[in-house]
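I opened this model to look up a metal site and one further position, and I kept notes as I went.

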Amino acid sequence: MATCEVCGNDYDKAMTIEKEGTSHVFDSFECAIHAIAPTCVHCGCRIIGHGLEAGGQIFCCANCAREQGVEGVTDRAD
Ligand SMILES: [Zn+2]
Ligand SMILES: [Zn+2]
């Protein structure tokens, strides 16, 4: 049994996610996203996919990076 560090649920199918050397215990992906998913600098949404890092900031998509003034980023290869 393990206890989710977000909601406190004691769940026998809890998962452990290691991020930057620290282990986190969650009962669901929802709680994991709530706790450790990065947030887009521009629109504030949770980054569940790969996201996009540019200029030391992280964005959910190339459009947000461009809106924030990052040049030369694109979601699709031309
Ligand atoms: Zn939870
Ligand atoms: Zn965004």
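My entries on the metal site come before those on the further position.

I note that this is a predicted model, in which local features need pLDDT of at least 70, side-chain atom pairs count only at pLDDT 80 or more, and totals for chains, interfaces and linings use all residues. Residues are numbered from 1 along each chain as its sequence is written, ligands are numbered from 1 in the order in which they are written, and side-chain values use heavy atoms, with hydrogens and water left out.

Metal site. I looked up the zinc ion (ligand 1) and found it coordinated by Cys 4 (SG), Cys 7 (SG), Asp 27 (OD) and Cys 31 (SG) at 2.1 to 2.3 Å, where donors are N, O and S atoms within 2.8 Å of the metal (3.2 Å for Na, K and Ca). The angles among the 4 donor atoms run from 94 to 121°, and the site is tetrahedral (four donors, all angles between 85 and 135 degrees). Along the chain the donors follow the spacing C-x2-C-x19-D-x3-C.

Burial. I then checked two of these donors: Cys 7 is partly exposed at 46% relative accessibility, whereas Asp 27 is buried at 15% (buried is under 20% relative accessible area, exposed over 50%, partly exposed in between, with a 1.4 Å probe and protein chains only).

Further position. Ala 37 is buried, with a relative accessible area of 12%, and touches Ala 32, Arg 46, Ile 47 and Ile 48, residues up to four places away in sequence not being counted (contact means heavy atoms within 4.5 Å). I also looked up the C-alpha atoms of Ala 37 and Met 15, which are separated by 15 Å and lie 22 residues apart along the chain.

Definitions and conventions. Tetrahedral: all angles 85-135°; square planar, octahedral: opposite > 155°, others 65-115°.
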